[in-house]
Amino acid sequence: MRFIGSKKNIVGKIEEVLNKHTDGSENTFLDLFAGSNAVGNYFAKKYKIISNDIMYFSYVMARGSLAPSYFLIP
């Protein structure tokens, strides 16, 4: 979902910065000010995501896009 303020266009840059400051042993990603959860969704393949935002729609978006991957049965 795109909306004003989305970080979807800069997730590559965020990843570049992270790679410079992480050693690869990290397993959790905290997405502060998650909004539409574009950043959390991007990093969900690599990290456990903790999504945070004050807006209820962000919670609904996170439950719909991030939570299903945590409940998949192998």
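Modeller: Let's start with a term: two strands pair if DSSP finds at least two bridges between them. Keep in mind that we are looking at a predicted model.

Biologist: How many bridges join strand β1 to β2 here?

Modeller: There are 4 bridges between β1 (residues 28-31) and β2, and these strands run parallel. Look for Phe29, which stands opposite Ile49 in β2.

Biologist: Through which helix does the chain cross from β1 to β2?

Modeller: The path from β1 to β2 goes through helix α2 (residues 38-43), giving a β-α-β crossover that is right-handed.

Biologist: Now to empty space. What is the volume of the largest pocket?

Modeller: Rolling a probe the size of a water molecule over the atoms reveals where empty space is left. For the largest pocket, the volume comes to about 170 Å³. Its lining has 11 residues, and those nearest the centre are Ser51, Tyr59, Ala62, Arg63 and Leu66. Two or more lining residues come from each of β2 (48-51), α3 (56-65) and α4 (67-70).

Biologist: Which element gives the largest share of that lining?

Modeller: That is α3, with 4 residues. By character, the lining of the largest pocket splits into 6 nonpolar, 3 polar and 2 charged residues.

Biologist: And where is confidence lowest, and where highest?

Modeller: Where pLDDT is low, the predicted coordinates should not be read in detail. In this protein, α4 has the lowest confidence, with a mean of 68, while helix α1 (residues 11-21) has the highest, at 96. Across the protein, pLDDT averages 86, and 88% of the residues score at least 70. Remember that α4 also contributes to the lining of the largest pocket.

How values were computed: Residues are numbered from 1 along each chain as its sequence is written. This is a predicted model: local features need pLDDT of at least 70, side-chain atom pairs count only at pLDDT 80 or more; totals for chains, interfaces and linings use all residues. Side-chain values use heavy atoms; hydrogens and water are left out. On a 1 Å grid over the protein atoms alone, a cavity is a set of points where a 1.4 Å probe fits but cannot get out, and a pocket is an open set with protein on both sides within 12 Å along at least five of seven lines; lining residues have an atom within 4 Å of a point. Grid points are joined across faces, edges and corners, and a volume is the space filled by probe spheres set on the points. Ala, Val, Leu, Ile, Met, Phe, Trp, Tyr, Cys and Pro count as nonpolar, Asp, Glu, Lys and Arg as charged, and the others, Gly among them, as polar. pLDDT is the predictor's confidence in each residue, from 0 to 100. A crossover is right-handed if, with the strands pointing away from the viewer, the path from the first strand over the helix to the second runs clockwise.
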